[in-house]
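Please open the structure in your viewer and keep the sequence panel beside it. The tour below goes from the whole chain to single residues, with a selection to make at each stop.

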Amino acid sequence: MECDVSILIPTFNRGHLIERAIISSITQSYKCKVIVCDHGSTDNTKDICQKYSNKIEYICRDIDYGIHFCELESLLAAKTQYVHFCFDDDWMHYKFIEECMKLMNKDTGI
């Protein structure tokens, strides 16, 4: 998939929440790559993520090294110019990324 934005979803034991974050990411009106990074979940997070294996990149580790390593690993996996963190208990309006990208230009720094 050719795109310039990655949506990164770090997660840990949030099977009861992760699906909403995934759906709001994959249904964006602006084409995005979605990366879910799971560090050591022992609940049904993996099963839910695997349901979307054709629409997301799923990184799964057996050991939880904490949120910062999970965020870093997802950031390193992103190969796009822009990234947005959508945490596992978040969701976005379907035009969120599209509207944000309208603000990006050579004079914008974030």
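What follows is a walk through a predicted model, beginning with the overall fold and then turning to individual side chains.

**Stop one: the whole chain**

Begin with a cartoon of the entire protein, in which you should find 4 helices and 4 strands, arranged along the sequence in the pattern β-α-β-α-β-α-β-α. The radius of gyration is 14 Å, close to the 13 Å that the globule rule gives for 110 residues, so the protein is as compact as a globular protein of that length. If you rotate the C-alpha trace onto its principal axes, its extents come to about 45 × 25 × 25 Å.

Now switch on the surface, whose accessible area is about 6,600 Å², with 55% of it belonging to carbon and sulfur atoms. Beneath that surface, buried residues account for 39% of the 110 residues. Among the contacts with a separation of 6 or more, 74% are made by residues 24 or more positions apart.

Colouring by charge brings up 12 positive and 17 negative side chains, and the centres of these two sets lie 6 Å apart.

**Stop two: Cys49 in helix H2**

Select helix H2, residues 45-51, and within this helix pick out Cys49. Is Cys49 buried or exposed? Its relative accessible area is 0%, and because buried means under 20%, Cys49 counts as buried. To see what surrounds Cys49, display Ile18, Ile22, Val36, Ile56 and Tyr58, which are its contacts once neighbours within four places in sequence are left aside. Then draw a distance from the C-alpha atom of Cys49 to that of Asp38, which is 11 residues away along the chain, and the viewer should give 9.3 Å.

**Stop three: the loop between E1 and H1**

Keep Asp38 on display and move to Phe12, which is found in the loop between E1 and H1. The C-alpha atoms of Phe12 and Asp38 are separated by 5.7 Å, although the two residues are 26 residues apart along the chain. Which residues does Phe12 touch, not counting those up to four places away in sequence? Show Asp38, His39, Gly40, Ser41, Asp64 and Asp88, which together make up that set. Phe12 itself is partly exposed, at 36% relative accessibility.

Next, select Asn13, which is found in the loop between E1 and H1. Its backbone deserves a look, with phi near 50°, a positive value in a residue other than glycine. Asn13 has a relative accessible area of 24% and is partly exposed.

**Stop four: Arg14 and its acidic partners**

A search of the whole structure finds 8 salt bridges, and this stop takes up one of them. Select Arg14 and Asp89, whose side chains meet in a salt bridge with an N to O distance of 3.4 Å. Asp89 lies in the loop between strand E4 (82-85) and helix H4 (96-101), while Arg14 lies in the loop between strand E1 (5-11) and helix H1 (18-26), so the pair ties together parts that are 75 residues apart in sequence. Both ends of the pair are partly exposed, Asp89 at 37% relative accessibility and Arg14 at 25%. Add Asp88 to the selection, and you have a network of salt bridges that links Arg14, Asp88 and Asp89. Asp88 has already appeared on this tour, as one of the residues that Phe12 touches.

**Stop five: two further salt bridges**

Move to Glu73 and Arg61, which form a salt bridge whose closest N and O atoms are 2.4 Å apart. Glu73 lies in helix H3 (residues 67-77) and Arg61 in strand E3 (residues 57-61), so this pair ties together parts that are 12 residues apart in sequence. Here the partners fall into separate accessibility classes, with Glu73 counted as buried at 19% and Arg61 as partly exposed at 38%. The value for Glu73 lies under the 20% cut-off, and it is therefore classed as buried.

Finally, select Lys95 and Glu98, a salt-bridged pair in which the closest N and O atoms are 3.8 Å apart. Lys95 is partly exposed at 29% relative accessibility, and Glu98 is likewise partly exposed, at 21%.

Terms used. Residues are numbered from 1 along each chain as its sequence is written. This is a predicted model: local features need pLDDT of at least 70, side-chain atom pairs count only at pLDDT 80 or more; totals for chains, interfaces and linings use all residues. Side-chain values use heavy atoms; hydrogens and water are left out. A salt bridge is a side-chain nitrogen of Lys or Arg within 4 Å of a carboxyl oxygen of Asp or Glu. Helices (H or I, at least four residues) and strands (E, at least two) are DSSP runs, numbered from the N terminus. Buried means under 20% relative accessible area, exposed over 50%, partly exposed in between (1.4 Å probe, protein chains only). Contact means heavy atoms within 4.5 Å. The radius of gyration is taken over C-alpha atoms; the globule rule is 2.2 Å times the number of residues to the power 0.38. Accessible areas come from the Shrake-Rupley method with a 1.4 Å probe; for residues, only the protein chains shown count as cover. Lys and Arg count as positive and Asp and Glu as negative; His and the chain ends are not counted. The place of a charge is taken as NZ of Lys, CZ of Arg, CG of Asp or CD of Glu.
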